[in-house]
Amino acid sequence: MKEKLEPILHVVLGALRDPEEMVRGAASFALGQFAEYLQPEIVSHYESVLPCILSALDDISDEVKEKSYYALAAFCENMSEEILPYLDPLMGKLLDPSKIVLSAIGSVASAAEQAFIPYAEKGFGLEFSELREYTHGFSSNIAEIMDGGFAQYLPRVVPLAFSSCNLDIGSAVDVDESDDESRNGFGGVSSDDEAHNEPRVRNISIRTGVLDEKAAATQALGMFALHTKTSYAQYPLCIAFLPSPSCFEEFGCN
């Protein structure tokens, strides 16, 4: 297939414009497979492949879009500076909160290297907790690699970590408001008057995605302090990730 890649690509790229959804989906999946198994020859065709994948990302079919994101991630993973002319339109699509795909963003970042830096803070402007969580993890890894040299980035990354630590976890408590008789089934008679008078909690819900983000931010702060030492001393101790007093009251804690 490597020896006949050009005519094969001509057929597959044409199939991306087929009126049948199944054909377009199969073509997108085929491009992803080509990107995985026909290296390095497939990358040399980036000028014809990337624009077609970009167009397929706007397909009316969610299934075709999903396979196109797979094709994009697989294709970009083995690119380098060739991706630079396409970086802005790619990130314009990938940072859309309605269809964000972290695997594709990771592949683009790996290929673009330094050129990706302007987009690395940008994800915090989106209401996407998982992306912010992964960004904190990325910062933690970079701090570990750079050690004391990471101090120059503290003014940018520490406020972002603090902002995540201060997020509301979105806890909600569902209290049983039924009357006494229906609650205990014995006409309101209870052997424990104090327990009888307190409402019962039926359900507690917490936004686990935000908790994961706060945990990642907390870990990042620890890594910043560990590796930059005195440079981090100017920043206050962040305890904002602890539950608020109102949260304790909701759960009946003192």
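Which residues does L154 touch, not counting residues up to four places away in sequence?

## L154 and its contacts

In this predicted model, L154 touches P159, F224, T228, S231, Y232 and Y235, with residues up to four places away in sequence left out of the count. L154 is placed in helix α9, which covers residues 154–165. Its relative accessible area is 1%, so L154 is buried, the cut-off being under 20%.

One of these contacts, Y232, is 78 residues from L154 along the chain, yet the C-alpha atoms of the two are separated by 7.5 Å.

## S139 in helix α8

S139 belongs to helix α8, residues 129–146. S139 has a relative accessible area of 10% and is therefore buried. Leaving aside neighbours within four places in sequence, S139 is in contact with F150, V157 and F224. F224 is also among the residues that L154 touches.

## The annotated repeats and helix α3

The UniProt record, an unreviewed entry, places the feature "repeat: HEAT" at residues 8–46 and 49–87. In the model, residues 8–46 are 67% helix and 0% strand, and the end C-alpha atoms of this span lie 14 Å apart. Residues 49–87 are 62% helix and 0% strand, again with end C-alpha atoms 14 Å apart.

Helix α3 runs over residues 46–56, and its buried residues are Y46, V49, L50, C52, I53, L54 and A56. These buried residues pack against four helices: α1 (5–15), α2 (21–37), α4 (62–76) and α5 (87–94).

## Salt bridges

Side chains of opposite charge can pair when their charged atoms come close. The whole structure holds four salt bridges, and three of them are described here.

E41 and K2 meet through their side chains at 3.7 Å, N to O. This pair links distant parts of the chain, 39 residues apart: E41 is in the loop between α2 and α3, and K2 is in the segment before α1. E41 has 31% relative accessibility and so counts as partly exposed; K2, at 37%, also counts as partly exposed.

A second salt bridge joins the side chains of E63 and K67 at 3.2 Å, N to O. Both residues lie in helix α4, four residues apart, or about one turn of the helix. An α-helix has 3.6 residues a turn, so residues three or four places apart point the same way. E63 is partly exposed at 44% relative accessible area, and K67 is partly exposed at 26%.

E213 forms a salt bridge with R132, with the closest N and O atoms 2.8 Å apart. Here too distant parts of the chain are linked, E213 being in helix α12 (residues 208–228) and R132 in helix α8, 81 residues apart. Both E213 and R132 are buried.

Terms used
Residues numbered from 1 in each chain as written. Predicted model: local features only at pLDDT ≥ 70, side-chain atom pairs only at ≥ 80, totals over all residues. Heavy atoms only, no water. Helix = DSSP H or I, 4+ residues; strand = E, 2+ residues; numbered from the N terminus. Buried < 20%, exposed > 50% of the residue type's maximum accessible area, 1.4 Å probe, protein only. Contact = heavy atoms within 4.5 Å. UniProt positions renumbered as here; feature names shortened; annotations may be inferred.
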